[in-house]
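Open the model in your viewer and keep the sequence panel visible. The tour goes from one selection to the next and says what is there at each stop.

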Amino acid sequence: MSNNEKTSIVSGFYKLPIKDRIEFVKKFSDLNEEETQLFTSCLDMDIADRMIENVLGTFELPLGIAVNFLINGKNYLIPMTIEESSVVAAASNAAKIARIKGGFKTESTDPLMIGQIQLLHIDDVADAAQKIINKKKEILNLANEQDKVLLKFGGGAKDLEVRILDSPLGKMIVTHLIVDVRDAMGANAVNTMCEALAPMLEEITGGKVRLKILSNLADKRIVKATAIFDKEKLGGEKVIDAFLESYNLAAIDPYRAATHNKGIMNGIDSLIIATGNDFRAIEAGAHAYAARSGQYSSLSKYYKNENGDLVGELELPMAIGIIGGAGNIHPKAKLCKKILGIKTAKELAEVVVSLGLAQNFAAVYALSTVGIQKGHMSLHAKNIAVMAGASGNLIDKVANQMIKEGKIKLDRAEEILKEIKWFFLQYLQVPAHNNNKLLLAGPYLLF
Ligand code: MEV
């Protein structure tokens, strides 16, 4: 399928059997047979054994697809790896609403990462800091000698910043090395450069280098996504006002901001994991960025535009790569990048932040209107039914009964299951999970 023929809009995707969903993604993303088989395969033990130490096995999480996304005019199907129900559906729904006004628009900085080199035991820190600045050219040259490939692709160490910090142990100098890491996450390149610079900085200043490591507060590698949510589709002005009232609590109160931002990270982490990137790095950077004013606050911003539509903006550091790291080793991470059709780390970062905005909008919209429990109910009830011991078609029966009663509890699921099983054995003398006829058992409709 060529890019102009593709659309990521699908209604009722969740109702399709899994094989038909896979078929849709296969066509959309031009997957071959081998790639298609990967959806239902597990990570090879040899690969797992090379990824971390002391491997015993692998740990599976569901991989879903968020549909309906239009970002900078391009259609995307977005793979999401997450254990929480409703998240994928909520993102898809938000993307559908955002499409009415043209989808998500993004902007981003160059992929600049910061490496920190900490210098201590210096008597005159101001003089030492000046000496570092005077040697900037030599320092950057030495850093760039460490990574010729990065240089070839237009990246490399670009700048230095020198900070003097007060600490309980006295004054220290922290030199920031600013590195353009192009399509990499950049931790390896930056850490190698920082370690190589340590002896030079000790020689220049007469001090002692302690830490030499990248900063996860990647505030020079920022992505911003914006979307307009149509007033009529949302239910009119009153609904938007209710939305803004809810949002404003996150803007002023860290207790709410933490939960609000968690909703953003539901979307962000699930794509970060699906593409084999480091979600801890992204989490650390996001929350540090959320506290940049001195008070922890919302990462997103909402307001009404001149038409009365709701405008949402999300801005945060996005240190992710498409080359190197687990994303180039894990077959499913490679598959997810192919599904996305992304060409650069910048493009992936822009999809990630758009997904975070969609997720946040969906959560706050639900919270300001019907609440989120309704959406969570169905899958949650099924999980409780499984925990109670239901299998096969009994899962839906137990779940539906709990939803009908408005009581989704393990003890109730166990009771319902017991009653159904008792009925089948008593009257039909067959195991309950074999049934697929229309029957009435006590209060339960057993079709
Ligand atoms: C749940 O995973 C996420 C929410 O709590 C986010 C929010 O409250 O905005 C629903």
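Start at the ligand and select arginine 256: an N or O atom of its side chain is 2.8 Å from an oxygen atom of the ligand. The model is a predicted one, and the distances quoted on this tour should be read as distances in that model.

**The ligand and its shell**

Add glutamate 84 to the selection. Its side chain has an N or O atom 2.7 Å from a ligand oxygen. Next add lysine 262, where a side-chain N or O atom is likewise 2.7 Å from an oxygen atom of the ligand. On its own the ligand has 300 Å² of accessible area, and the protein covers 85% of that.

Now extend the selection to the residues around the ligand: Glu84, Arg256, Thr259, His260, Lys262, Gly263, Asn266, Ala363, Leu367 and Ile372. Sorted by class, this shell holds three charged, four polar and three nonpolar residues.

Which helices each supply at least two residues of the shell? Colour α11 (254-274) and α14 (345-368), since these are the two to look at. The largest share comes from α11, with six residues.

**The sheet β5-β6-β4-β7**

Hide the ligand and select the four strands of the open sheet with the order β5-β6-β4-β7, in which the pairing is antiparallel. At its edges are β5 (156-167) and β7 (208-214), each of which pairs on one side only. Averaged over the sheet and with direction ignored, neighbouring strands are turned by 20 degrees against each other.

Keep β5 and β6 (residues 170-180) on display. These strands run antiparallel and are joined by 11 bridges. The connection between β5 and β6 is a hairpin, made through two residues. Two cross-strand pairs can be picked out here. Serine 167 stands opposite glycine 170 in β6, and isoleucine 164 stands opposite isoleucine 173 in β6.

Bring in the helices that lie across these strands. Helix α5 (residues 125-134) lies across β4 (112-120), β5 and β6, and runs at about 180 degrees to β5. Helix α6 (residues 136-145) lies across β5 and β6, at about 120 degrees to β5.

**Leucine 112**

Select leucine 112, which lies in strand β4. What is leucine 112 in contact with, once its neighbours within four places in sequence are left aside? The contacts are Lys158, Ile178, Val179, Asp180, Lys220 and Arg221. For a distance check, draw a line from the C-alpha of leucine 112 to that of lysine 96: the two residues are 16 apart in sequence and 33 Å apart in space.

**The sheet β3-β8-β10-β9**

The last stop is another open sheet, with four strands in the order β3-β8-β10-β9 and antiparallel pairing. Here β3 (105-108) and β9 (300-304) stand at the edges with a single partner strand each, so one side of each has no neighbour in the sheet. Neighbouring strands of this sheet are turned by 15 degrees against each other on average, direction ignored.

Narrow the selection to β9 and β10 (residues 310-317), which pair in the antiparallel sense over five bridges. Within this pair, look for tyrosine 303, which stands opposite valine 311 in β10. Finish by showing helix α10 (residues 237-252), which packs on the sheet and touches β9 and β10. The direction of α10 makes about 150 degrees with that of β9.

Methods: Residues numbered from 1 in each chain as written. Predicted model: local features only at pLDDT ≥ 70, side-chain atom pairs only at ≥ 80, totals over all residues. Heavy atoms only, no water. Pairing = 2+ DSSP bridges. Axes fitted to C-alpha atoms, helices over the stretch in contact; angles between N-to-C directions. Contact = heavy atoms within 4.5 Å. Near = heavy atom within 4 Å. Polar contact = N/O pair within 3.5 Å; in protein donor to acceptor, adjacent residues only side chain to side chain. Areas by Shrake-Rupley, 256 points an atom, 1.4 Å probe, with all protein chains shown as cover. Nonpolar A, V, L, I, M, F, W, Y, C, P; charged D, E, K, R; others polar.
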